[in-house]
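Trainee: Got a minute? I'd like to go through this model with you before I set anything up.
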Amino acid sequence: MKKKVTMQDIADRLNISKNSVSQALRGKEGVSEETRERIKRVAEEMGYQYPGARKKKKQGRTGNIGLIASDLTFSLKNFFGEIYLSIEKEVVKRGMNLHIQSVNQEQKEQLILPSFIENKMVDGILILSHISTEYINKVISTGIPTILVDHHHPNIHADAVLTNNRFGAYLAVQHLIELNHRDIAFVGNVEYSPSYEERYEGYLLALREYGIEPNEEFIFKNAEEKEELILQYIKQLERQPTAWFCVNDALGFLVNSCLRQQGIQVPDQASICSYGNGQLSKISTPKTTTVDIDLELYGRRAVELLFWRMENKNEPFQEILLSSKLIKRESTAFAPKRS
């Protein structure tokens, strides 16, 4: 009979402590991400079975994880698609099955839960982005451990994995200021998501710290991702800003397109920064300076937190904040001199 691989076997192979192996494989803090990945890789090579995969039946578990989001969120494939793939990979690695369902407007308004949640056919739930506070709280009321991904709210009591939206936006606007821009526009629908509201706050924070008074004319806080609306906004401005900060790459792409239609050259006459480092920032002409989010890490940490919560149901709620960095590309340059 083939000998069962233990944590001690993995520890011996890597010449580290058994405790470090345990922390890594159970998704707990205490080891670096590099060490965690190395331990997981060796565990797979040696044929180690994760505790969740061995014990789920014994503990009365279903062996299933649920992933839900609004149909709009699922349509944003460049951003949430990468997070979903990371979640799927991590869930399968842990010997579990992933059930996915979108929530449409009618289901949201009538608080209709997916059947696998209503019938408690999953051991844990991941919610991508926001649906509505009332809907998410109904999910939580089932008692199934739930993790929010890229969303939080004071009235939602659940763990969450987030990116540091304020500081990411601050870095982008600071970059523009350091290029001598003072007339910096903001474009985004702050009502759509707390993430966008936080990016607006980061925009204001950067302006304030550099002694720049926000110009209300340059703040488009209810911007929809529609070319005709962005074009209309640009056309009605009496004076054009020299730089634009957009809350996502799609809006950055649209602003770029509309500025060019108006004969405004990027970056010679106007600079653009966006947020997300998705495909649209990479195919734009010129390529867009943007705030990068590690989407693979986003998904992985969400699953790690969910599995921890499933084992620690009475522990205080956590919000894990992932840092972001600025990717400088060709859409930003020194501000043109005003005549």
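Mentor: Sure, let's talk through the cysteines, a bit of the sheet and some backbone oddities, keeping in mind that this is a predicted model.

Trainee: Cysteines, then. How many disulfides does the structure hold?

Mentor: It holds 0 disulfides. Take Cys258: the nearest cysteine sulfur belongs to Cys246 and is 10 Å away. A pair has to be within 2.5 Å to count, so Cys258 is in no disulfide.

Trainee: And is Cys258 buried or exposed?

Mentor: Buried, because its relative accessibility is 0%.

Trainee: What about Cys273, which cysteine sulfur is nearest there?

Mentor: That of Cys246, at 8.8 Å, and Cys273 is in no disulfide. With 0% relative accessibility, Cys273 counts as buried.

Trainee: Cys246 keeps coming up. Which way does Cys246 point from strand S8?

Mentor: Cys246 points the way Trp244 does, while Ala243 and Phe245 point the other way from S8, residues 243–246. All of them are buried. In general, side chains in a regular strand alternate between the two faces of the sheet.

Trainee: OK, who are the neighbours? How many bridges join strand S6 to S8?

Mentor: There are 4 bridges between S6 (residues 184–187) and S8, and the two run parallel. Val187 stands opposite Cys246 there. S8 is also joined to S9 (residues 271–276) by 3 bridges, again parallel, with Ala243 opposite Ser271.

Trainee: How does the chain get from S8 to S9, and is the crossover right-handed or left-handed?

Mentor: It goes through helix H13, residues 249–261, and this β-α-β crossover is right-handed.

Trainee: Switching topic: where are the cis peptide bonds you'd point me to?

Mentor: One runs from Val266 to Pro267, with omega near 5°, and Pro267 sits in the loop between H13 and S9. Another cis bond joins Thr285 and Pro286, with omega about -5°. Pro286 is in the loop between helix H14 (279–283) and strand S10 (289–292).

Trainee: Any odd phi values too?

Mentor: Lys120 has a positive phi near 50° without being a glycine, and is found in the loop between helix H8 (115–118) and strand S3 (124–128). Asp150 is also a non-glycine with a positive phi, about 65°.

Trainee: Why bring those up?

Mentor: Because most residues other than glycine have a negative phi, and most peptide bonds are trans.

Trainee: Fair. Where does Asp150 lie?

Mentor: In the loop between strands S4 (146–149) and S5 (159–163). Asp150 has 4% relative accessibility, so it counts as buried.

Note on methods. Residues numbered from 1 in each chain as written. Predicted model: local features only at pLDDT ≥ 70, side-chain atom pairs only at ≥ 80, totals over all residues. Heavy atoms only, no water. Buried < 20%, exposed > 50% of the residue type's maximum accessible area, 1.4 Å probe, protein only. Pairing = 2+ DSSP bridges. Right-handed = clockwise from strand over helix to strand, strands pointing away.
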